[in-house]
Amino acid sequence: MRLSRPVLLIGAAVTALGVAVPMSASAASAPAPATTLYFHSANGSYAADVVASPNTPGTAPQGATLSAAGPQYPEGSYASATTYGLGLRGTATLPLFSIPVTGSVSTACFDVWASPDGSGNVLGTATLAFSLVRPGLTAVALPPLEAPIDDAFVAHIVGQVDVPAGTELPAGSTLQVAGAYSDDPTEFYYDSPDKASRVTFNCAAVAPSESPSPAPTSTGSPAPAPAPGPGAVSFTNYTPPPSMGQSAGEPSLGVNPKTNAAIMQAGFDTMRVTFDEASPANATWALSEGQTTAQLVSLDPIGYVDRVTGRAFDSQLVGACSLTEYSDDDGRTWTPSQGCGLPAGADHQTLGGGPFGAGVTGATYSRAVYYCSQSAATAFCALSRDGGVTFGEGTPIYTIADCGGLHGHVRVAPDGTAYVPNKSCGGKVGIAVQQDANNLTPWVLRTIPDSSHKAPGSDPSVDVDKAGRMYVGYRDGNGQPRVATSPDRGITWTPSTRISDLVPGGIRNMQFSEVVAGDAGRAAFAFVGTPTAGDDQNISTFTGAWHMYVAMTYDSGQTWTVADATPTDPVQRGSICTGGTTCGADRNLLDFNDITLDNKGRVLVGYADGCTGACVSNPAQNNRAALATIARQSSGKTLLAAFDGEFAPAPDVVTTTTYTGATSARSGTPLTVSAAVTPADAAGQVRYTLAGQTVTAPVGSSATLPAAPGTLTVSYLGSKGFAPSGTSAAVTTYDVRLQPSPSSATPVSGATTPVTVTAYRTDTNAVDSTWTGTATLTASDTHASGLSCAAAVAGVASCGSVVLGDLGGQLLTAASDGGYLSGTAPVTVQPTELRFVNPPTTAKRGAATTYTTAPVAGVSGALLDGYSSVQALSTNGKADSVPAPQSCSGSTCTLTVTFGKGGGSRTITVQDTSTPSRSASTSTKIQG
């Protein structure tokens, strides 16, 4: 549906090549686990390496440090260093930083700003390499990190570097950070709020650093606010019958307030959707026909519905103008329009409107209508004074020297001010503002001070509430959702709120910002987001599942709450390409979605659903559809205060979410997880996330996760959205080792022997807890003997017993209460045997011969299990006399045998029939 986008390539300024001084951190001690350290310059003296431009490398002085103190530079200035390559892989020559590391380091999480400095090859990415340099040992090369560079050739590099398990880090070891290519020097920024760089050891992946606004100075990332009003906001999704809306990339949506009918434009299909008052509501879809625009090929579709008059527009781009029609009866009949104002651009047109501003002349209709579009160099907006029948001259709103080519949808505020957003104006999100009611004077360009943009990406979105506060939702430099507000048409701004912080599991990539505002202080920000990090443009490697999220505010943006409008049905699987005709099959959703209000302030989001049918439950069945879908608010406060009392609490409100699974596990053993929730909506699900692994299970059932140390996050998901409920639990994994105590002892089968069971934490290899006690060892039986608990292992209520068995196989086995801990250890077992002591080798026929039996020499009889007498004695002679045992003392028995007729040899066998049974045999030659 979209023509290829104009691309402007601006080369980086070539900077003078200075001598890069390796940066050290000799003043920093070995990092404490999970402590965030910021990169600083030397001795608190910043004058030597402060530069005004982020593209001019500074010289890093000797003695640069790391500390837990935050950045101290003023806004807009940076300290920086340049590296000229890694040299041989693993040697890390000319490092940017050399960080002392000793002891046990498993991970290093980086959140840094860097870029190719322009003197080498600008490849579109900035890459940092890492190497552990160890005195007397071979250097260990670690995986590199990279990120795409933005319009200013700066990259925000965020990621986790894993240290191989068991890596020895003796005193003097360093983690060296360097550029990855010797022919592409890398500049590294640090010590400024705008470009703060930091590292965290023994960490989970660290969230990107904030980029605060100059005024005010707070960072503007609030904690999640409680759900507003009587209940949480939730949404119900509606799709059309197969006869319409099947190719709905970049849909438009509006509502006629007079009839409450929703008008959805999806390609050439203009659909009328009406809802009844059931809960949930039932939808009726009808297809409008008769438009002349439906008979032609379109380069771009767009629709617009006036929120007061209900006039609906259908516009199809056909070059430098559009075929446009309007309807005043919900699409049943249509009237042609002039289509656009000239001059106009040949791409990305948008229609919008609202009240006229003060001083308008020549108006013959009650409401203004704007048509905006852009060409390769200039964007234009034209005003209609007659309700969209004709348009005046197109007025430039910005040029390519000010902003990137594409812009978002035009919106008109209650005071008549018109706004058009752009994602990249000098590296910031920009808003073109027109206060001239006649659209004759140039538009004013304003930017959000603390904003950034990750390219490529979709357009930002803007709307204005009835008090005149502007809300702008956008994709930031990390690809994550943010929203900023302005009370005075963009002259001053609140700090941008990072919406990803308010979503369970976080949002690491987002597209398609859509904003709508209502009464004073009320607005909604919808976007398609995924918790999966990485390059969301790469169709080969990106595997994230995307959902539709809607953030709501009722206090002018001070707090926001977020609902997942599609909790059980991904909007897309895999990448969402926004690169125009350079894309492949992953451009099925095209460029944007839309958002609006109905006549009671309910939020309606129109979007194209790219994952339908079997794709919903099976990622292998990814169909990359584009099905027209409306997510309609079904509970919670709306954006019009007059209707607050009409909406009951969301049916999926949860009062408690209690984690009930194990908090410890043996390493490598699946961890069983479950949660107790108190939902009114029993159809909800519970999501568990641990160490990057996520599993979702219905309420009331358990699930399993690969056991890993970390924080287990448990979130309740109602069938209609996230409920404001969740919890977390620390998970520790153990290896269990069992050994005799003392370890030098040799256990004897049947003897009561001291044993020790030790639990070692796998994350630190430190002893966590031990069991000590005694157990009776046997050669053939498996049985349990009670052991006393010296200390309880974290998360296990009781130690339970240790199972000792099958010692003939040289193995002891330990298992604790609940099965969360188990372990094995090889043990050399000395078996006990019944034997004859110095048996006679010859005997006379008819004479009494004495035999003595005893256990293994050197073992006290008191240590034997169950051995007190010989219970049976036999020979292979027919006339031999074999009486009962005559005497036993402890474990030694004396027996007398009288041999009868027959010569040769006799085999004499004695047996103890107690448990376990033992036997012994000897041979005697008969004489006479």
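How much space lies in the largest cavity? The answer is about 90 Å³. The structure is a predicted model, and the legends below take the whole chain first and then a series of close-up views.

**Figure 1. The whole chain of the predicted model, built with strands and zero helices.**
The secondary structure of the chain comes to 64 strands. The chain has 928 residues, and 54% of them are buried. Of the contacts between residues at least 6 apart in sequence, 63% join residues at least 24 apart. The accessible surface amounts to about 35100 Å², with 54% of that area belonging to carbon and sulfur atoms.

**Figure 2. Close-up of the largest cavity and its lining.**
Rolling a probe the size of a water molecule over the atoms shows where empty space is left. In the whole structure, a search finds eight cavities of 30 Å³ or more. The largest cavity is lined by 13 residues, and those closest to its centre are Gly-408, His-409, Pro-460, Ser-513 and Glu-514. Two or more lining residues come from each of strand S29 (461–464) and strand S33 (509–517). Strand S33 gives the most to this lining, with three residues. Sorted by class, the lining of the largest cavity holds four nonpolar, five polar and four charged residues.

**Figure 3. Close-up of the second largest pocket.**
The volume of the second largest pocket is about 730 Å³. Its lining consists of 46 residues, and nearest the centre of the pocket lie Val-305, Asp-306, Arg-307, Arg-367 and Asp-463. Several strands each supply at least two residues of the lining, among them strand S13 (252–256), strand S14 (261–266), strand S25 (411–412) and strand S29. Strands S17, S18, S21 and S38, which appear in the views that follow, also each supply at least two residues of this lining. By class, 22 of the lining residues are nonpolar, 14 are polar and 10 are charged.

**Figure 4. Close-up of an open sheet of four strands.**
Strands of a sheet pair through backbone hydrogen bonds, either parallel or antiparallel. In this sheet the order is S17-S18-S19-S20, and the pairing is antiparallel. Strand S17 (301–305) and strand S20 (335–336) are the edge strands, each pairing on one side only. Strand S18 (residues 312–317) pairs with strand S19 (residues 322–327) over six bridges. Within this pair, Gln-316 has Leu-323 in S19 as its bridge partner.

**Figure 5. Close-up of strand S21 and its pairing with strand S22.**
Strand S21 (347–354) is among the strands that supply at least two residues to the lining of the second largest pocket. The strand is mostly covered, with eight of its eight residues buried. Six bridges join S21 to strand S22 (residues 368–374), and the two run antiparallel. Opposite Gly-353 stands Val-369 in S22.

**Figure 6. Close-up of strand S39, covered on both faces.**
In a regular strand the side chains alternate between the two faces of the sheet. Strand S39 (residues 603–609) has seven of its seven residues buried. On one side are Val-603, Val-605, Tyr-607 and Asp-609, and on the other Leu-604, Gly-606 and Ala-608. Each of these residues is buried.

**Figure 7. Close-up of the strands that pair with strand S39.**
Strand S38 (594–597) supplies at least two residues to the lining of the second largest pocket. S38 and S39 run antiparallel and are joined by four bridges. Leu-597 stands opposite Val-603 in S39. The hairpin of S38 and S39 has five residues between the strands, and in this hairpin Gly-601 takes a positive phi near 85°. S39 is also joined to strand S40 (residues 627–635), by six bridges and in the antiparallel sense. Here Leu-604 stands opposite Arg-632 in S40.

**Figure 8. Close-up of Ala-608 and the residues it touches.**
Ala-608 is found in strand S39. Why does Ala-608 count as buried? Ala-608 counts as buried because its relative accessibility is 2%, and buried means under 20%. Leaving aside residues up to four places away in sequence, Ala-608 touches Ala-248, Gly-249, Pro-251, Val-571, Leu-589, Asn-593, Ala-626 and Leu-627. One of these, Val-571, is 37 residues from Ala-608 in sequence, and the C-alpha to C-alpha distance between the two is 7.7 Å.

Terms used
Residues numbered from 1 in each chain as written. Predicted model: local features only at pLDDT ≥ 70, side-chain atom pairs only at ≥ 80, totals over all residues. Heavy atoms only, no water. Buried < 20%, exposed > 50% of the residue type's maximum accessible area, 1.4 Å probe, protein only. Contact = heavy atoms within 4.5 Å. Areas by Shrake-Rupley, 256 points an atom, 1.4 Å probe, with all protein chains shown as cover. 1 Å grid on protein atoms, 1.4 Å probe; cavity = no way out; pocket = protein on both sides within 12 Å on 5 of 7 lines; lining within 4 Å. Points joined across faces, edges and corners; volume = space filled by probe spheres on them. Nonpolar A, V, L, I, M, F, W, Y, C, P; charged D, E, K, R; others polar. Pairing = 2+ DSSP bridges.
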